[in-house]
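Good morning, and thank you for joining this session. I would like to take you through a structure that is new to this group, beginning with the whole chain and ending with a single residue.

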Amino acid sequence: TLSDDQMQALAQSFHDIAVEVGQVRLNAIAAGNKLTDPGIVQLQGYVYSLMNVAAGFALQAANITLANADEAVNQISVATKAADKALANLQKIDKAVNIASSVIVLAMAITTKDPSQIAAASKSVLSAAGLEV
């Protein structure tokens, strides 16, 4: 089984390849090839495919990590549901900005894979949503 670090490395590799394929496509267009040229169309398809593969590998790595952290998943779920409910009934832009900002911080905390950062960010989302922590 691949470790999450290995999955992330694969994701990065496929992403980098997709970028390079995309650049080749752009260079060919700049050199005069038409957007409808079969090779150009095929390269674009490859870019999309490679990006999807990269995203899949990255997602698998995140899922593997979080699958073993039931408490973190619960905290994230409670926080995001609270934010969603608060935003659904919201009339004030400032509060929406605060909630959105706290949810972005939570997303970044999840990427650290640090349960204490996830817990703190989850509490911030709850607070921004108007719930007592």
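Let me begin with a definition: a residue is called buried when its relative accessible area is under 20%. By that criterion, buried residues make up 25% of the 133 residues in the protein. Please keep in mind that this is a predicted model.

I turn to the overall fold. The protein contains 5 helices and 0 strands, and along the sequence the pattern reads α-α-α-α-α. Of the contacts with a separation of 6 or more, 62% are between residues 24 or more positions apart. The accessible surface amounts to about 8,700 Å², and carbon and sulfur atoms account for 60% of that surface.

How confident is the prediction? The mean pLDDT of the protein is 75, with 74% of its residues at 70 or more. Among the elements, α4 has the lowest mean pLDDT, at 65, while α5 has the highest, at 87. Where pLDDT is low, the predicted coordinates should not be read in detail.

Next, the interior. The largest nonpolar core has 14 residues, and those touching the most other members are A79, I99, L106, I118 and V125. At least two residues of this core come from each of α3 (70–88), α4 (93–112) and α5.

Let us now look at α5 itself. This helix has 14 residues and reaches 20 Å from its first C-alpha to its last, close to the 20 Å expected at 1.5 Å a residue. Its buried residues are I118, A119, A121, S122, V125, L126 and A128. As general background, an α-helix has 3.6 residues a turn, so residues three or four places apart point the same way. After α5 comes G130, whose phi is positive, near 95°.

I close with one residue of this helix, S122, which lies in α5, residues 115–128. Why does S122 count as buried? Its relative accessible area is 3%, and the cut-off is under 20%, so S122 qualifies as buried.

Which residues does S122 touch, leaving aside those up to four places away in sequence? They are Q75, I76, A79 and L106. Two of these, A79 and L106, are also among the core residues that touch the most other members. In addition, a polar atom of the S122 side chain lies 2.8 Å from the backbone oxygen of I118. I118 is itself one of the buried residues of α5.

Thank you for your attention.

Key: Residues numbered from 1 in each chain as written. Predicted model: local features only at pLDDT ≥ 70, side-chain atom pairs only at ≥ 80, totals over all residues. Heavy atoms only, no water. Helix = DSSP H or I, 4+ residues; strand = E, 2+ residues; numbered from the N terminus. Buried < 20%, exposed > 50% of the residue type's maximum accessible area, 1.4 Å probe, protein only. Polar contact = N/O pair within 3.5 Å; in protein donor to acceptor, adjacent residues only side chain to side chain. Contact = heavy atoms within 4.5 Å. Areas by Shrake-Rupley, 256 points an atom, 1.4 Å probe, with all protein chains shown as cover. Core = buried A, V, L, I, M, F, W, Y, C linked by side-chain atoms within 4.5 Å. pLDDT = per-residue confidence, 0-100. Expected span 1.5 Å × (residues − 1).
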